[in-house]
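Trainee: Here's the model I've been staring at. Could you walk me through one part of it up close?

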Amino acid sequence: MSLGTKIAWDDTVLPFQLDASDMRGRVARLDGVLDGILKQHDYPEQVEALVAEMALLTALIGQTVALRWKLSLQVQSKGAVRMIATDYYAPQEEGQPAQIRAYASFDRDRLSNSAPFDQVGEGYFAIMIDQGEGTQPYQGITPLAGGSLSACAESYFAQSEQLPTRFSLSFGKSTEPGVGEHWRAGGIMLQHMPKASPFAASGEGTGDILTAADLVDGEEGENWGRVNILLDTVEDLEMIGPSVAPTDLLVRLFHEEQPRVYDAQSVQFGCTCSEDRVRQSLSIYSAKDIEKMTTPGGQVTADCQFCGAHYVLDPATVGFDGEDPKGA
């Protein structure tokens, strides 16, 4: 593969369809995006891995939604990693890149040497869709279970959307000769959209978390099983590149399934924070509250958790005069 071809597939999400098995999917490559997200923070390795996995899931899921504004993924847990939050902002105009941002909050003293997913405890995985002004945001949640964030996302689609879904992801730091160490990440999402099985539709069963296999049977079940067996043959280096183009990978994996590709969507690291947004968030506080936030140097400061931007404001220009109307 030429250098130009490698660069062309960096930070993209490629939609595809498997005509022979009635499935759709996405192939994502995140390189500069992941570097942009992780260089903002000094995360331990386990936290880096969780944020990388969430960023990949966000890119793959965000591109499947007819999105006008924002899709967010969030993990809330009682474990050492308390929260992971990601946002996917749809392109404002055709041809523009989508934007992704992410961050995690954690208790460093509680981290262990075990696997990344072991750092999250009891909690939930949530997907939120906000189509912007004049619309009602949507949120769906599923328990943290299954041994990975990808498994949580698969359970979410099975439970909340009744869509059989499978993710295969790979990520890590690349040490290519002559190139500085940098992150490379890639993944594949498969989704089959049959009618919900009677088990799923009736609400009967054991009460266990649904999986994709619970939603398909007959010919659809055979198609789902066959395509998943093919996906099981994917190698990490094929997903993260840079040697194999996503189009070549699809042909290698699914040539008998008649893969059809659509226009790739470029993505980039980006943050929507601004001084105006900080001022808006502080507008709910009274002058008395603002006084408590003011530093000894006479300033109100705020830091963006996503991109690390630091804002310094004059306390006289934020908040509102008078007492809190709620009496708080």
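Trainee: Let's zoom in on one arginine and its surroundings: what is the relative accessible area of Arg-82?

Mentor: Arg-82 comes out at 32%, so it's partly exposed. Ground rules before we go on: this is a predicted model, where local features need pLDDT of at least 70, side-chain atom pairs count only at pLDDT 80 or more, and totals for chains, interfaces and linings use all residues. Residues are numbered from 1 along each chain as its sequence is written, and side-chain values use heavy atoms, with hydrogens and water left out. As for burial, under 20% relative accessible area is buried, over 50% is exposed, and partly exposed is in between (1.4 Å probe, protein chains only).

Arg-82 forms a salt bridge with Asp-107, and their closest N and O atoms are 2.3 Å apart. That pair links distant parts of the chain, 25 residues apart: Arg-82 is in strand β4 (residues 81–89), while Asp-107 sits in the loop between β5 (98–106) and β6 (123–130). Strands here are DSSP runs of E, at least two residues long, and helices are runs of H or I of at least four, numbered from the N terminus. Asp-107 is partly exposed too, at 25%.

By salt bridge I mean a side-chain nitrogen of Lys or Arg within 4 Å of a carboxyl oxygen of Asp or Glu. The whole structure has 12 of them. Take Lys-173 and Glu-48, with closest N and O atoms 3.8 Å apart. Lys-173 lies in strand β8 (residues 165–174) and Glu-48 in helix α3 (residues 45–62), so this one ties together parts 125 residues apart in sequence. Glu-48 is buried at 11%, whereas Lys-173 is partly exposed at 43%.

Then there's Glu-238 with Arg-252, meeting at 2.7 Å, N to O. Helix α7 (residues 236–240) supplies Glu-238 and helix α8 (residues 246–254) supplies Arg-252, 14 residues apart. Here Glu-238 is buried at 12%, and Arg-252 is partly exposed at 36%.

One more arginine is worth a look: Arg-184 is linked with Asp-10 and Asp-31 in a network of salt bridges. Arg-184 belongs to one face of β9, along with His-182, Gly-186, Ile-188, Leu-190 and His-192. Trp-183, Ala-185, Gly-187, Met-189 and Gln-191 point the other way, and all of these residues are buried. With 11 of its 11 residues buried, β9 (residues 182–192) is largely enclosed by the rest of the structure. Two strands count as paired if DSSP finds at least two bridges between them. β9 pairs with β2 (residues 23–30) in the antiparallel sense over 8 bridges, and there Arg-26 stands opposite Met-189. β8 and β9 are antiparallel as well, over 10 bridges, with Ser-170 partnering Gly-186.

Now back to β4's neighbourhood. Ile-84 touches Leu-50, Val-51, Met-54, Tyr-103 and Leu-149, among others, leaving out residues up to four places away in sequence; a contact is heavy atoms within 4.5 Å. The largest nonpolar core (buried Ala, Val, Leu, Ile, Met, Phe, Trp, Tyr and Cys joined through side-chain atoms within 4.5 Å) has 58 residues, and Ile-84 is among those touching the most other members, with Val-51, Ile-61, Phe-125 and Phe-167. α3 gives the largest share of that core, 11 residues.
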